[in-house]
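Please work through the exercises below with the sequence and the structure open beside the text. Each exercise sets a task, and a worked solution follows step by step.

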Amino acid sequence: MTAALEIAGFFMGVAGGVLWAVILPNPYWKVSSVDGNVITTSTLYENLWQSCAMDSTGVSNCREFPSMLALSGYIQACRALLITAILLGFFGIVVSMIGLKCTTVAGDDPVTKGKIATVGGILFILAGICTLIAVTWYAVNITREFFDPLYAGTKYEIGPALYMGWAGSMLAIIGGICLCCSCRTGEVKLQSYNYSYKPTKSTAAASARPSTLKIHDGDINTSYDKNAYV
């Protein structure tokens, strides 16, 4: 049961890492809303790196953001968090693969492999938290602009890439928890000791001394006269 939980946690972490790698270049982080628009001639969508427009014929034209410093602070933070999550997820996959009980990379010691698997689980959890913060922060800004009546720019809705990011972060966190729970810190082994009894000097001397009964002549009368047999 422990090995199955460990393998399930590993594959959930790997699935989360794959989803992070997919959403990083995905252009559909936010999509322009059609709410309140009678005629829509083009669809706008953006991600962390570029802004795209697709006309009614299906032709897309994308433009990368010209300056990183000119971007909003939350976009720069989401970039850093997502890249950090991918790096942590990569190291988590490598470390947890070494710590799996079905592999023999780090030997057969269950205590050592359990500790390595725990480190991999912690890396998965940290990567999932970074992704969760990034996609949630991005979604909060989308919804704030959408419900702001004074916002004059284009209003967007949450794109499918954010849902994939939430799913990947949940998979990684749950997988990391499974890896940590499947770890055994070690079984207590009772050692048996053979004790040899060694008596003390006083006891040995007392046991070696012969037990003699001294009978004094005056205490017991060993002479009997003839009247004693009558």
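The expected span of a helix is 1.5 Å times one less than its number of residues. This rule is needed in the first exercise, and it should be kept in mind throughout that the model is predicted.

**Exercise 1. Compare the end-to-end distance of helix H1 with its expected span, and then find what covers its buried residues.**

Step 1. Helix H1 takes in residues 2-23, which is 22 residues, and at 1.5 Å a residue these should span 32 Å. The C-alpha atoms at the ends of H1 are 32 Å apart, so the distance agrees with the expectation.

Step 2. The buried residues of H1 are Glu6, Gly9, Phe10, Gly13, Gly16, Gly17, Leu19, Trp20 and Ile23.

Step 3. The cover over these buried residues of H1 includes helix H2 (73-99), helix H3 (110-146) and helix H4 (160-181).

**Exercise 2. Place H1 within the order of elements along the whole protein.**

Step 1. The protein contains five helices and five strands.

Step 2. Read from the N terminus on, the elements run α-β-β-β-β-α-α-β-α-α.

Step 3. Of the 230 residues in the protein, 32% are buried, and among contacts between residues at least 6 apart in sequence, 65% join residues at least 24 apart.

**Exercise 3. Carry out the span comparison for H2 and H4, and list what their buried residues pack against or are covered by.**

Step 1. H2 has 27 residues and reaches 38 Å from its first C-alpha to its last, which is close to the 39 Å expected at 1.5 Å a residue.

Step 2. Tyr74, Ile75, Cys78, Arg79, Leu81, Leu82, Ala85, Leu88, Gly89, Gly92, Ser96 and Gly99 are buried in H2, and the buried residues of H2 pack against H1, S1, H3 and H4.

Step 3. H4 has 22 residues and reaches 32 Å between its first and last C-alpha atoms, close to the expected 32 Å.

Step 4. The buried residues of H4 include Ala161, Leu162, Gly165 and Gly168, and what covers the buried residues of H4 includes H1, H2, H3 and strand S5 (156-158).

**Exercise 4. Which residues touch the most other members of the largest nonpolar core, and which helix gives the most to this core?**

Step 1. The largest nonpolar core has 26 residues, and those that touch the most other members are Ile23, Trp29, Leu48, Ile75, Leu82, Tyr138 and Leu162.

Step 2. At least two residues of this core come from each of H1, H2, H3 and H4, while H3 gives the most, with eight residues.

Step 3. If residues up to four places away in sequence are not counted, isoleucine 75 touches Leu48 and Tyr138.

Step 4. As a general background, nonpolar side chains tend to be buried together in soluble globular proteins.

**Exercise 5. Is alanine 134 buried or exposed, and which residues does alanine 134 touch?**

Step 1. Alanine 134 is placed in helix H3, and with a relative accessible area of 0% it is buried, because buried means under 20%.

Step 2. Alanine 134 touches Cys78 and Leu81, with residues up to four places away in sequence left out of the count.

Step 3. Alanine 134 and alanine 80 are 54 residues apart in sequence, and their C-alpha atoms are 8.7 Å apart in space.

**Exercise 6. How many salt bridges does a search of the whole structure find, and which parts does the pair tie together?**

Step 1. A search of the whole structure finds one salt bridge. Lysine 30 forms a salt bridge with glutamate 46, and their closest N and O atoms are 3.5 Å apart.

Step 2. Lysine 30 lies in strand S1 (residues 30-32) and glutamate 46 in strand S2, so the pair ties together parts that are 16 residues apart in sequence.

Step 3. Both lysine 30 and glutamate 46 are buried.

**Exercise 7. Find the residues that make the nonpolar surface patch, and describe the place of tryptophan 49.**

Step 1. Trp49, Ile83, Leu87, Phe90, Phe91 and Val94 make a nonpolar surface patch of about 560 Å².

Step 2. Tryptophan 49 sits in the loop between strand S2 (42-46) and strand S3 (50-55), and tryptophan 49 is partly exposed, with a relative accessible area of 31%.

Note on methods. Residues numbered from 1 in each chain as written. Predicted model: local features only at pLDDT ≥ 70, side-chain atom pairs only at ≥ 80, totals over all residues. Heavy atoms only, no water. Patch = residues over 30% accessible without salt bridge, like charges linked within 9 Å, V, L, I, M, F, W, Y side chains within 5 Å. Areas by Shrake-Rupley, 256 points an atom, 1.4 Å probe, with all protein chains shown as cover. Salt bridge = Lys/Arg side-chain N within 4 Å of Asp/Glu carboxyl O. Helix = DSSP H or I, 4+ residues; strand = E, 2+ residues; numbered from the N terminus. Buried < 20%, exposed > 50% of the residue type's maximum accessible area, 1.4 Å probe, protein only. Contact = heavy atoms within 4.5 Å. Core = buried A, V, L, I, M, F, W, Y, C linked by side-chain atoms within 4.5 Å.
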